[in-house]
Amino acid sequence: MGDIRSGMPVLVRHEGEWLGEYIHIDPDGTVQDRHASHLSCTFPASGPHDYFQTNTYTWPDGKREQIEFPAIYRDGRIWWDNERIAGSAWEVDERTIVLNWIRKDMPGSYLYEMIQINEGNDRRGRTWHWFVDDELIRRTCIKERRTG
């Protein structure tokens, strides 16, 4: 399988706690939703997963959602396959990671995400493009800062 830390050095720079905001926008530019986020990105020393991410979302009305994304490392990528998504992530250059996945609760869907981390490893920007039946239905813009 190889070592994830040497195989994905850009991903390793994302290890830690991140606070940010997700802004979901329709194809015409109208904001559909915005909420706070706290992401925890870890590399377990043992167990079945090489990478483990926990996302906690909080809305202004008090709604809260927490989702876990365990992944395995294989063929130079991390791979997810859980109740919600299936897909992978790979490194493009010294700042960029690209992800592609499907939402299992959205037939005909696929998403692409691009993540850029800054040189100081304390800020990152992420964008998602959501497609259903090959039609763009939404974009998500995320701005985050490392807190730990």
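This passage describes the core, the largest pocket and a selection of individual residues of a predicted model. Residues are numbered from 1 along each chain as its sequence is written, and side-chain values use heavy atoms, with hydrogens and water left out. Because the model is predicted, local features need pLDDT of at least 70 and side-chain atom pairs count only at pLDDT 80 or more, whereas totals for chains, interfaces and linings use all residues.

In soluble globular proteins, nonpolar side chains tend to be buried together. A nonpolar core is here a set of buried Ala, Val, Leu, Ile, Met, Phe, Trp, Tyr and Cys residues joined through side-chain atoms within 4.5 Å, where buried means under 20% relative accessible area, exposed means over 50%, and partly exposed lies in between (1.4 Å probe, protein chains only). The largest nonpolar core holds 31 residues, and the members that touch the most others are I4, L11, Y51, I78 and W80. Strand β4, which covers residues 64-74, gives the most to this core, with 4 residues; strands are DSSP runs of E of at least two residues, numbered from the N terminus. When residues up to four places away in sequence are not counted, W80 is in contact (heavy atoms within 4.5 Å) with Y51, F69, P70, A71, I85, A86, G87, S88, A89 and L99.

Rolling a probe the size of a water molecule over the atoms shows where empty space is left. On a 1 Å grid over the protein atoms alone, a pocket is an open set of points where a 1.4 Å probe fits, with protein on both sides within 12 Å along at least five of seven lines, and its lining residues have an atom within 4 Å of a point. The largest pocket has a volume of about 530 Å³, the volume being the space filled by probe spheres set on the points, which are joined across faces, edges and corners. Its lining consists of 35 residues, and those nearest the centre are Y22, N55, Y57, F69 and W128. Strand β2 (residues 31-42) gives the most to this lining, with 5 residues. By class, the lining of the largest pocket has 20 nonpolar, 6 polar and 9 charged residues, where Ala, Val, Leu, Ile, Met, Phe, Trp, Tyr, Cys and Pro count as nonpolar, Asp, Glu, Lys and Arg as charged, and the others, Gly among them, as polar.

Two residues that are not nonpolar by this grouping are nevertheless buried, namely E144, with a relative accessible area of 4%, and N82, with 10%. E144 is found in strand β10 (residues 135-146), and its side chain makes polar contacts with the side chains of R124, at 2.5 Å, and of R126, at 2.9 Å. A polar contact is a pair of N or O atoms within 3.5 Å; within protein, one must be able to donate a hydrogen and the other to accept it, and residues adjacent in sequence count only if both atoms are side-chain atoms. N82 lies in the loop between β5 (77-81) and β6 (85-91), where its side chain reaches the backbone nitrogen of R84 at 2.8 Å. Beyond four places in sequence, N82 touches E68, F69, P70 and K104.

Strand β8 (residues 109-117) contains Y110 and M114, both of which are partly exposed, with relative accessible areas of 23% for Y110 and 38% for M114. Y110 and D134 are 24 residues apart in sequence, and their C-alpha atoms are 8.2 Å apart in space; their side chains are joined by a polar contact of 2.8 Å. M114, leaving aside neighbours within four places in sequence, is in contact with T96, I97, V98, G125, R126 and T127.

The loops supply two residues other than glycine with a positive phi, D75, near 55°, and N121, at about 60°. D75 is placed in the loop between β4 and β5 and is exposed, with a relative accessible area of 65%, whereas N121, in the loop between β8 and β9 (123-132), is partly exposed at 23%. The loop between β8 and β9 also holds E119, which is exposed, with a relative accessible area of 67%. Leaving aside neighbours within four places in sequence, E119 is in contact with R13 and R95.
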